[in-house]
There are 2 protein chains.
Amino acid sequence: MSLVDDKPGLSRAPAAQTDIDAMMLEIGRRARAAAAVLALASSEQKDKALHAAAAALRADTPAILAANAKDIAAAREKGLRDSLVDRLLLDAGRLEGIAAGLEVVAGLPDPVGATMAAWERPNGLKFERRRVPLGVIGIIYESRPNVTADAGSLCLKAGNAAILRGGSESYHSSTAIVAALHKGLREAGLPEDAIQSVPTTDRAAVGKLLTMPQYVDVIVPRGGRSLIERVQNESRVPVFAHLDGLCHVYLDAGADRDKAVAIAVNAKMRRTSVCGAAETLLVDRAVAAELLPPVAEALRAAGCILRGDAAARAIATGMDPASEADWDTEYLDAILSVAVVDGVAGAIEHINRHGSHHTDSIVTEDAAAAERFLSEVDSAIVLHNASTQFADGGEFGFGAEIGISTGRMHARGPVGAEQLTSFKYLVRGTGQTRP
Amino acid sequence: MSLVDDKPGLSRAPAAQTDIDAMMLEIGRRARAAAAVLALASSEQKDKALHAAAAALRADTPAILAANAKDIAAAREKGLRDSLVDRLLLDAGRLEGIAAGLEVVAGLPDPVGATMAAWERPNGLKFERRRVPLGVIGIIYESRPNVTADAGSLCLKAGNAAILRGGSESYHSSTAIVAALHKGLREAGLPEDAIQSVPTTDRAAVGKLLTMPQYVDVIVPRGGRSLIERVQNESRVPVFAHLDGLCHVYLDAGADRDKAVAIAVNAKMRRTSVCGAAETLLVDRAVAAELLPPVAEALRAAGCILRGDAAARAIATGMDPASEADWDTEYLDAILSVAVVDGVAGAIEHINRHGSHHTDSIVTEDAAAAERFLSEVDSAIVLHNASTQFADGGEFGFGAEIGISTGRMHARGPVGAEQLTSFKYLVRGTGQTRP
């Protein structure tokens, strides 16, 4: 996906860019105004909007599926791969899943208004740190139409206005879903501008969305690497982005054999295309001879191709040789690189050098080794005796997530409603002046 | 301050830029390596470094004052204004204040390692959200040499590596202070690279510092508006920035007269050059006739020039007329704009339109009006019956601050040690795989 035209002069007259800019500025202005209303909306009002939107999605199922059929027809005409067409596809079951997702978000606790901390100073001033919405959130995503409802509902729950810019492939589907969300907002007496979708597939709109810091507080890109890299490069607004999920499973000397097999297979093979899928297996040299053969066998039986370093290949059969590049490769496929390392220190060193600071797991019954790994591996999510595929907001109990952030600022790991908030300080005095 | 040369081709051969870039990349690489060590340093080790640095500052007083004398001589030669020369000046008393500041930071609780939240899921997975350092922090500041120690020590306390780029005016002073900080780090067995200062006054170094996201996690600019705007425009790294402090005091119908006078005078006149100084006084129309004359009189007696709207001038004498631009002006001087507004709703509307989302105060004995103001004014700090000049990390009990952020992301309001941290999720299982 190209966010801005490479040759705007060739593809579009300058007047069109001006029109797009004006349209985006107007969307931004309306979002900012809606955010001010949402920031003061009650939990009941926001949840009412979400329940009403779920009802509208169900009632509008025929219209939404008809809109989706247009997107699907266009996608087939463009010759999109079947896997991409499947991402676009809605049916009654998927739509019910989207509606149920809105109800899940409605059932989450409202993060806004919570007192995060309170203290008093010797001069009698009473301080409260209170959670407030972030403001306006721009979401840029590719084909999946469910993101429209997932992202819009989470933003609403946290009192933020959302500007949604879906991929051109899902344009009709997303527009129909947004219409249902608007019905929910209207029923709850909230402004429709709380959830706006950009009414054009022109890529210049994305360029403008990224450069309106006066109207947009944060950008969340959802999609492939090229989309996210372009957003990070062009944005003048903070970005919650997830770049790579180069996750590791480390089998320690103290590993239980059954857990090692189960976790390695699940972390790699449950779903290979998710960001929490393991890409590299590390095995402690002390137990590699015992542990690696059964683990490798189970992985191969599950359909996984293994690429090992020399030490791994000397122990287990049927591995291709791994090159240096393999340690830095996110396959998102049924391929796993395998290295033998020297204990937990070697594992930590390998992960901090080659990983993407996303999700990494240690398998061991040795509590000290586990705590060292959890402390010293510099990743958003570190696990002990559990699969890396738990890297998911739902599995964390967040109810829903707008993405997983590999950055360290503000949000890290799964981004749920609470991570879409900011805070303010309320200071209560009795006439204090500063000496 | 210009962060990058406007005409690099004219002022410097390309080779020099390449040298600067290489030097900055090396500083970044070393900072990243030091950050990995600091992240695992104990509280005792970090505090030992801070105490030893304070001792070194005291022991090195003659050398630091000699270095400062060079900066002062150069500043006078360049014809710097007396007020700017005073900002640069160190004497034994100021240096003792800097050393004592290091000890205050040492005495603060260590934010790193704290469990921020913990919960268990139905599948038995135990989740912990633990505070960890942010990583590498770049601080770009102007003339005050004390920032060198303040910023370096807060970064160290929170386990971060700091890259300091002070103004060219304080170059010798800052270098001498960093030498003392290095002594402290050495005594505690921590890497000197934990606090590096950029060993050149070449402005190209700043441009590079802003564009090394692989080595720098956040930039904190400290200085005037032009510095901060340039950092915000050029940075490819998140910025904790404080742009304007357009603060308001609102005198409500329920205000106590004595508190109104005391808070208005203190908020404006205690120090007019600080970001928490009030710039606009709002008075409820219902009580303006009673309240405004004594408040205006007290302000004038304290040396303040008043610029009022028509309603204010009809009530109180001796005011200049305010123009529309006055409502949007941060004077940082003994000037105050005065407007009559319709109750707390009118005050909130004025502040959210004209303010800078920094610090605003209501004076009232009416609890409902106060709570409405605190909730609905969209500022980092909102006060009830207290002076806006409390907008300061020390007054909040943070011990020290690296600045005040007017952004909404990650840090908002005073940025103390806790705001210089990130977090990670530790997940403890017993062999769980994801269904």
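The exercises below work through sheets, ring pairs, cysteines and two neighbouring residues in a predicted model.

Residues are numbered from 1 along each chain as its sequence is written, and chains are lettered from A and ligands numbered from 1 in the order in which they are written. In this predicted model local features need pLDDT of at least 70, side-chain atom pairs count only at pLDDT 80 or more, and totals for chains, interfaces and linings use all residues, while side-chain values use heavy atoms and leave out hydrogens and water.

**Exercise 1. A sheet from two chains**

Task: Find the order of the strands in the open sheet that begins with S1(A), and state which strands stand at the edges.

Solution:
- Step 1. Strands (E, at least two residues) and helices (H or I, at least four) are DSSP runs, numbered from the N terminus. Two strands pair if DSSP finds at least two bridges between them.
- Step 2. The order of the 10 strands is S1(A)-S2(A)-S16(A)-S13(B)-S12(B)-S7(B)-S8(B)-S11(B)-S9(B)-S10(B), and the pairing is mixed.
- Step 3. Strand S1 (115–120) of chain A and strand S10 (320–321) of chain B are the edges; each has a single partner strand, so one side of each is left without a neighbour in the sheet.
- Step 4. Within this sheet, S2 (residues 126–133) and S16 (residues 421–432) of chain A are antiparallel and share 8 bridges. In one of the bridges, Pro133(A) is matched with Thr421(A).
- Step 5. Helix H12 (residues 288–301) of chain B packs on the sheet and touches S7, S8, S9 and S11 of chain B. Contact means heavy atoms within 4.5 Å. The direction of H12 makes about 155° with that of S8(B); axes are lines fitted to C-alpha atoms, for helices over the stretch in contact, and angles run from 0 to 180 degrees between N-to-C directions.

**Exercise 2. The other sheet**

Task: In the open sheet that begins with S10(A), find how S13(A) is joined to S16(B).

Solution:
- Step 1. The order is S10(A)-S9(A)-S11(A)-S8(A)-S7(A)-S12(A)-S13(A)-S16(B)-S2(B)-S1(B). Its edge strands are S10 of chain A and S1 of chain B.
- Step 2. Strand S13 (residues 381–386) of chain A runs parallel to S16(B), with 5 bridges between them. Leu383(A) has Val427(B) as its bridge partner.
- Step 3. Helix H15 (residues 367–376) of chain A lies across strands of both chains: S7, S12 and S13 of chain A, and S2 and S16 of chain B.
- Step 4. S7 (residues 247–251) and S8 of chain A also run parallel, over 5 bridges. In S8 (residues 278–284) of chain A, 7 of the 7 residues are buried, so the strand is largely enclosed by the rest of the structure. Buried means under 20% relative accessible area, exposed over 50%, and partly exposed in between (1.4 Å probe, protein chains only).

**Exercise 3. Rings**

Task: Classify the ring pair of Phe396(A) and Tyr425(B).

Solution:
- Step 1. Rings of Phe, Tyr and Trp (its six-membered ring) pair if their centres lie within 6.5 Å; planes under 30 degrees apart count as stacked, over 60 as edge-to-face and the rest as tilted. The structure holds 18 aromatic pairs over all chains.
- Step 2. The two centres are 5.1 Å apart and the planes stand at 90°, so this pair is edge-to-face.
- Step 3. The pair crosses between chains, from helix H16 of chain A to strand S16 of chain B.
- Step 4. Phe396(A) is buried at 1% relative accessible area, and Tyr425(B) is buried at 1% as well.

**Exercise 4. Cysteines**

Task: Count the disulfides and check Cys304(A) and Cys247(B).

Solution:
- Step 1. A disulfide is a pair of cysteine sulfur atoms within 2.5 Å.
- Step 2. The count over all chains is 0.
- Step 3. For Cys304(A), the nearest cysteine sulfur belongs to Cys247(A), 14 Å away. Cys304(A) is buried, at 4%.
- Step 4. For Cys247(B), the nearest is that of Cys275(B), 6.7 Å away. Cys247(B) is buried, at 0%.

**Exercise 5. Two residues of one strand**

Task: State whether Lys126(B) and Phe127(B) are buried or partly exposed.

Solution:
- Step 1. Lys126(B) and Phe127(B) are both found in strand S2 of chain B.
- Step 2. Lys126(B) is partly exposed, at 45%. Phe127(B) is buried, at 3%.
- Step 3. Beyond four places in sequence, Lys126(B) touches Trp119(B), Glu120(B), Leu426(B), Val427(B) and Arg428(B). With the same exclusion, the contacts of Phe127(B) include Glu395(A) and Phe396(A).
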